[in-house]
Amino acid sequence: MPTLILPYPISTNRYWRTFRGITTKSTEARQYKSEVEVIASREGITRPLACAVKVEMSYHPRRPQKYVEGANVRAMDLDNVMKVALDALNGVAYVDDKQITELRIRRGEPIPEGGLVIAWEAV
């Protein structure tokens, strides 16, 4: 099962931009996808799957400098994390996210810079 450790995702509020009535991905969204592609390439992922896919992800919120074990931290909504991550993996892990037939996401422990751990496999 290929696994990638990705940087903290951008907010869905900053994902889309509308200019003169045309909605497009923001510069940040394109940069995040590009970063995901570079990481995947470094890990030897060269071709997206073209079949049904199962995806598992673990979202790790940013840990504040003055973090106390077990304390609540600010975290993105899991559904927003999921949308950004799945879109960034289009053409990398799978051809299109409509191929996903099973999806698991969980919030993990906070880590200093935050991040995502994503794994996928053909089903």
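Trainee: How many helices and strands are there in the protein, and in what pattern do they follow one another along the sequence?

Mentor: In this predicted model, the protein has two helices and six strands, and reading along the sequence gives the pattern β-β-β-α-β-α-β-β.

Trainee: What makes the protein as compact as a globular protein of that length?

Mentor: The radius of gyration is 15 Å, and the globule rule gives 14 Å for 123 residues; the two values are close, so the protein is as compact as a globular protein of that length. The C-alpha trace spans about 45 × 45 × 25 Å along the principal axes, and buried residues make up 37% of the 123 residues. Among the contacts with a separation of 6 or more, 80% are between residues 24 or more positions apart.

Trainee: Why is the pair of Tyr8 and Tyr59 called tilted?

Mentor: A search of the whole structure finds two aromatic pairs, and in the pair of Tyr8 and Tyr59 the ring centres are 5.8 Å apart with the planes at 45°. Rings pair if their centres lie within 6.5 Å, and planes under 30 degrees apart would be stacked while planes over 60 would be edge-to-face, so an angle of 45° leaves this pair as tilted.

Trainee: What parts of the protein does the pair of Tyr8 and Tyr59 tie together?

Mentor: Tyr8 lies in the loop between β1 (3-6) and β2 (16-19), whereas Tyr59 lies in strand β4 (residues 53-60), so the pair ties together parts that are 51 residues apart in sequence.

Trainee: How do you know whether Tyr8 and Tyr59 are buried or exposed?

Mentor: Buried means under 20% relative accessible area; Tyr8 has 15% and therefore counts as buried, and Tyr59, with 0%, is therefore buried as well. The ring of Tyr8 has a further partner, for the charged end of Arg62 sits over that ring, 3.8 Å from its centre.

Trainee: What kind of aromatic pair do Tyr15 and Trp16 form, and how do you know?

Mentor: Their rings are 5.3 Å apart centre to centre, with 75° between the planes, and because planes over 60 degrees apart count as edge-to-face, that is the name the pair receives. With a relative accessible area of 6%, Tyr15 is buried, whereas Trp16 has 44%, which falls between the 20% and 50% limits, so Trp16 is partly exposed.

Trainee: What makes the contact of Arg14 with Glu28 a salt bridge?

Mentor: The structure holds five salt bridges, and in this one the closest N and O atoms are 2.9 Å apart; the cut-off is 4 Å, so the pair of Arg14 and Glu28 qualifies. Arg14 lies in the loop between β1 and β2 and Glu28 in helix α1 (residues 27-42), so the pair ties together parts that are 14 residues apart in sequence. Arg14 is partly exposed, at 36% relative accessible area, and Glu28 is also partly exposed, at 30%.

Trainee: Why are Lys33 and Glu37 separated by about one helical turn?

Mentor: The two residues are four residues apart in helix α1, and therefore about one helical turn separates them. Their side chains meet in a salt bridge with an N to O distance of 3.7 Å. Lys33 counts as buried at 17% relative accessibility, while Glu37 is partly exposed with a relative accessible area of 38%.

Trainee: What joins Glu121 and Lys54, and where do these residues lie?

Mentor: Their side chains meet in a salt bridge, 3.6 Å from N to O. Glu121 lies in strand β6 (residues 115-122) and Lys54 in strand β4, so the pair ties together parts that are 67 residues apart in sequence. Salt bridges that share partners join Lys54, Glu56 and Glu121 into one network.

Trainee: Why is Lys54 called buried or exposed, and which residues is Lys54 in contact with?

Mentor: The relative accessible area of Lys54 is 18%, which is under the 20% limit, so Lys54 is buried, whereas Glu121, with 28%, is partly exposed. Leaving aside neighbours within four places in sequence, Lys54 is in contact with Glu102, Ala119, Trp120, Glu121 and Val123.

Definitions and conventions:
Residues are numbered from 1 along each chain as its sequence is written. This is a predicted model: local features need pLDDT of at least 70, side-chain atom pairs count only at pLDDT 80 or more; totals for chains, interfaces and linings use all residues. Side-chain values use heavy atoms; hydrogens and water are left out. Rings of Phe, Tyr and Trp (its six-membered ring) pair if their centres lie within 6.5 Å; planes under 30 degrees apart count as stacked, over 60 as edge-to-face and the rest as tilted. Buried means under 20% relative accessible area, exposed over 50%, partly exposed in between (1.4 Å probe, protein chains only). A charge sits over a ring if NZ of Lys or CZ of Arg is within 6 Å of the ring centre and within 35 degrees of the ring normal. The radius of gyration is taken over C-alpha atoms; the globule rule is 2.2 Å times the number of residues to the power 0.38. Contact means heavy atoms within 4.5 Å.
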